[in-house]
Amino acid sequence: MAHIHDLTALEQAAAVRTGELSPVQITEHYLERIERLDPGLGAFVTVTAERALAQAREQEARLAAGDTEDLPPLLGVPIPIKDLNFVKDVPVHFGSATYEGFVAPADDSVVERLRDAGTIMLGKTSTPEFGMPCYTETYLHEPTRTPWDTTRSAGGSSGGAGAAVAAGLAPAAQGSDGAGSIRIPASVCGLYGIKPSRGRISAAPIMPDLAGLSTNGPLARNVADAAALLDVMAHNNPGDLYHAPAPTLGSFSAYAGRDPGRLRIARFATPAVPGAEVHPDVLAAYESASAVLESLGHEVEEIAPPFGPDVVPEFVKMWFSFSCMHPVAEELEPKLRPLTAWLRERGHAVSAPEFLQAQSTLQLATRFALLVTDAYDAVLSPTVTQPPVPVGWFEDVESPEETFERMMRFAPFAAIYNVSGQPAVNLPLYWTPDGLPIGVMLAGRYGDEGTLISLSSQVEASVGGFWGDRRPPMW
């Protein structure tokens with residue numbers, strides 16, 4: 001008999017509607033798994049057990065009263081929230097010891113959307129300090145690890161979300177992505193993750209969208225769950241700087257399982273970051289994915305990388321600047337991690353004209369890059385350059401500057417689509433002989449998550465449900 005955590009998010013929602021499972025049953029099941037399995041994994045920084053059970057009981061009372069008209073689409077499905085997002089009256093640390101004791105004064109609008117869809121919040125998932133690193137190691141709690149090998153990192157900055165879903169501590173999760181922060185954990189945790197188009201999901205009411213690098217998005221074990229979660233999360237609010245066009249078919253779920261037709265797919269595996277080297281196992285994953293796509297009848301064509309190394313210094317200037325977005329009182333600065341302090345020192349040194357020039361340069365580069373990528377239905381590349389790395393690997397160097405160099409060389413492919421605003425997904429298609437997951441990335445035209453979802457669903461079906469029904473040892 002299948003356990004509750006063996007079911008997909010959509011299967012759980014269906015079971016609640018038919019009465020086979022109750023919201024309380026599902027919530028208690030996941031809370032027990034979190035209590036038992038999260039020590040040593042580090043997926044959650046805050047567990048909101050009482051709040052989650054209260055939500056579940058309210059839903060159960062509604063169902064018992066026969067109020068089944070217009071039920072929300074994900075009623076009873078637990079979806080944790082990343083600790084960069086506000087949930088009213090719940091602590092939010094932004095991954096930093098400098099924010100201990102701070103309680104969110106309001107909900108982010110994406111949190112409201114998830115609650116209105118009937119999801120239950122189990123807690124806040126771990127994230128690195130201010131979401132800046134691509135690995136999740138903080139002063140707040142233990143490092144966050146991939147459940148495939150708990151000596152190795154779960155990536156970042158949605159590391160806790162990735163670890164939670166991969167370990168069966170939640171059926172799916174909300175994450176966010178400013179330079180690969182959904183796709184990196186998806187790769188090293190063996191998940192499907194979507195970075196939506198710029199302007200697809202509002203960051204209101206408090207977080208700004210500014211350069212449009214960052215967006216919320218879903219992590220899940222399969223394509224249909226991720227598409228359903230994207231349907232729930234997609235929205236805009238007055239004052240948003242960016243708006244993505246609505247899906248042609250009316251919903252993203254309509255694309256899951258839909259034949260994409262024969263597509264033209266470009267591919268490249270040369271990193272834009274100087275000195276970055278692609279591990280042989282990652283190249284094997286990339287070649288394997290190319291073969292799968294060709295076997296499905298798609299035309300796969302080699303192209304030159306759409307962005308070159310000249311954009312890297314300009315992106316770095318902006319990244320330095322964005323590390324300064326969270327205010328930190330002077331007396332609390334000693335609580336910052338060395339990398340964060342180093343990033344903020346450099347960010348405060350970037351002048352306003354330098355920032356604007358960097359953003360202008362990246363926009364110009366994007367205009368030229370889109371002339372190349374828009375000629376194709378999708379673009380294939382590695383997601384990261386290496387298999388999951390050991391916990392502590394990024395900081396096993398002599399200086400924060402070297403840590404930052406390791407980060408850039410580990411994840412040079414993902415950030416280019418944060419610059420361009422294009423949607424991109426991680427496909428969990430490959431495992432090393434040692435059982436470590438390695439993802440590959442598909443990017444699409446701006447606003448066209450639908451094609452990526454259709455293609456991803458076709459690939460998923462071709463290799464077997466849940467990407468070959470793989471499970472980590474702790475499952």
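Colleague: What does the secondary structure of the chain come to?

Modeller: The chain has 15 helices and 11 strands, counted as DSSP runs numbered from the N terminus (helices are H or I with at least four residues, strands are E with at least two).

Colleague: Why is the chain called as compact as a globular protein of that length?

Modeller: Its radius of gyration is 21 Å, and the globule rule gives 23 Å for 475 residues; those values are close, so the chain is as compact as a globular protein of that length. The radius is taken over C-alpha atoms, and the rule is 2.2 Å times the number of residues to the power 0.38. Along its principal axes, the C-alpha trace spans about 60 × 60 × 45 Å.

One caution: this is a predicted model, where local features need pLDDT of at least 70 and side-chain atom pairs count only at pLDDT 80 or more, while totals for chains, interfaces and linings use all residues. Residues are numbered from 1 along each chain as its sequence is written, and side-chain values use heavy atoms, leaving out hydrogens and water.

Colleague: Why does Cys134 count as buried?

Modeller: Buried means under 20% relative accessible area, exposed means over 50%, and partly exposed is in between (1.4 Å probe, protein chains only). Cys134 sits at 7%, so it counts as buried. Cys189 is buried too, because its relative accessible area is 1%. Across the chain, buried residues make up 61% of the 475.

Colleague: How many disulfides does the rule give?

Modeller: The count is 0, where a disulfide is a pair of cysteine sulfur atoms within 2.5 Å. Cys134 is in no disulfide, as the nearest cysteine sulfur, in Cys189, is 13 Å away.

Colleague: And why is Cys189 without a bond to Cys134?

Modeller: Same test: the Cys134 sulfur is the closest cysteine sulfur to that of Cys189, but 13 Å is too far for a bond.

Colleague: What makes Glu395 partly exposed?

Modeller: Its relative accessibility is 31%, so it counts as partly exposed. Glu395 is in the loop between β9 (378–382) and α12 (400–410).

Colleague: Which residues is Glu395 in contact with, leaving aside neighbours within four places in sequence?

Modeller: They are Tyr135, Glu137, Arg337 and Thr403, with contact meaning heavy atoms within 4.5 Å. Glu137 is 258 residues away from Glu395 in sequence, yet their C-alpha atoms are 9.6 Å apart in space.

Colleague: Why are Asp70 and Asp89 called exposed?

Modeller: Asp70 has a relative accessible area of 71%, so it is exposed. Asp89 has 53%, so it is exposed as well. Asp70 lies in the loop between α3 (49–64) and β2 (81–82), and Asp89 in the loop between β2 and α4 (109–116). Neither is a glycine, but phi is positive in both: near 55 degrees for Asp70 and about 70 degrees for Asp89.

Colleague: Which residues touch the most other members of the largest nonpolar core?

Modeller: Phe404 and Leu442 do, out of 150 residues. A nonpolar core is a set of buried Ala, Val, Leu, Ile, Met, Phe, Trp, Tyr and Cys residues joined through side-chain atoms within 4.5 Å. Beyond its neighbours within four places in sequence, Phe404 is in contact with residues including Trp319, Phe320 and Trp342.
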